[in-house]
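Biologist: I am new to this model and would like a close look at one part of it. Please take me through the sheet, strand by strand, and then show me what lies around it.

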Amino acid sequence: VNKHYADRRAIPADAPEGFDLAALLPPHLVEVYRASDRLVQETGEVYHGVEPTVRPDGAPGESLVIKFPLAGPAGRACVAGVSVDVTAQRRAEAALR
């Protein structure tokens with residue numbers, strides 16, 4: 001977990017490796033995030049989609065998410081990714097419809 005994400009999610013700086021985000025996120029978000037992680041792990045392909053999120057102020061939002069396979073220690077299959085908050089854009093698009 002990078003510093004920016006940790007700061008947004010209030011993850012303690014001394015959190016151990018493998019810290020489970022389920023301790024911080026609502027169960028429905030954990031389910032969505034883990035499903036896209038599994039898809040990348042099982043297929044070895046890049047995932048691109050819009051996922052629900054909770055913004056730093058606690059309001060619901062949407063993030064454009066790109067996840068991809070990454071070889072971890074000892075060849076362990078890991079998932080890496082980036083996300084961008086697209087809540088304002090999605091609301092503007094909806095208002096134009």
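**A walk around the sheet**

Modeller: Happy to! The accessible surface of the protein is about 6,900 Å², and carbon and sulfur atoms account for 57% of that; areas here come from the Shrake-Rupley method with a 1.4 Å probe, and for residues only the protein chains shown count as cover. Please keep in mind that this is a predicted model, in which local features need pLDDT of at least 70 and side-chain atom pairs count only at pLDDT 80 or more, while totals for chains, interfaces and linings use all residues. Residues are numbered from 1 along each chain as its sequence is written, and side-chain values use heavy atoms, with hydrogens and water left out.

Before the sheet itself, here is the setting. The protein has three helices and three strands, taken as DSSP runs numbered from the N terminus (H or I, at least four residues, for helices; E, at least two, for strands). They follow one another along the sequence as α-α-β-β-β-α. The C-alpha trace spans about 50 × 30 × 20 Å along its principal axes. Of the 97 residues, 23% count as buried, meaning under 20% relative accessible area, whereas exposed is over 50% and partly exposed lies in between (1.4 Å probe, protein chains only).

Now to the part you asked about. Three strands make an open sheet in the order S1-S2-S3, with antiparallel pairing. Strand S1 (47-54) and strand S3 (77-85) each have a single partner strand, so these edge strands are left with one side lacking a neighbour in the sheet. On average, neighbouring strands of this sheet are turned by 35° against each other, direction ignored. In general, strands of a sheet pair through backbone hydrogen bonds, either parallel or antiparallel. Here two strands count as paired if DSSP finds at least two bridges between them.

Let us start with S1 and its partner. S1 pairs with strand S2 (residues 60-71) in the antiparallel sense, over eight bridges. Threonine 53 has glycine 61 of S2 opposite it, and tyrosine 47 stands opposite lysine 67 in S2. Five residues lie between the strands in the hairpin of S1 and S2, where glycine 58 takes a positive phi near 95°. The loop between S1 and S2 also holds proline 56, which is exposed, with a relative accessible area of 57%. C-alpha to C-alpha, proline 56 is 12 Å in space from leucine 25, with their positions 31 residues apart in sequence.

The side chains of S1 alternate: Tyr47, Gly49, Glu51 and Thr53 point to one face and are buried, while His48, Val50, Pro52 and Val54 point to the other and are not.

On the other side of S2, nine bridges join S2 to S3, and the two run antiparallel. Alanine 71 has alanine 77 in S3 as its bridge partner. The hairpin of S2 and S3 has five residues between the strands. Alanine 74 lies in this loop between S2 and S3 and is exposed, with a relative accessible area of 88%. Its phi is near 55°, a positive value in a residue other than glycine.

What packs on the sheet? Back at the S1 and S2 pairing with its eight bridges, helix H2 (residues 27-43) packs on the sheet and touches S1, S2 and S3, its direction making about 165° with that of S1. Helix H3 (residues 87-96) also packs on the sheet, touching S1, S2 and S3, and its direction makes about 125° with that of S2. For these angles, axes are lines fitted to C-alpha atoms, for helices over the stretch in contact, and angles run from 0 to 180 degrees between N-to-C directions. Contact means heavy atoms within 4.5 Å.

One residue of helix H2 is valine 32, which counts as partly exposed at 30% relative accessibility. Leaving out residues up to four places away in sequence, valine 32 touches Glu51 and Pro52. Alanine 71 is 39 residues from valine 32 in sequence and 22 Å from it in space, C-alpha to C-alpha.
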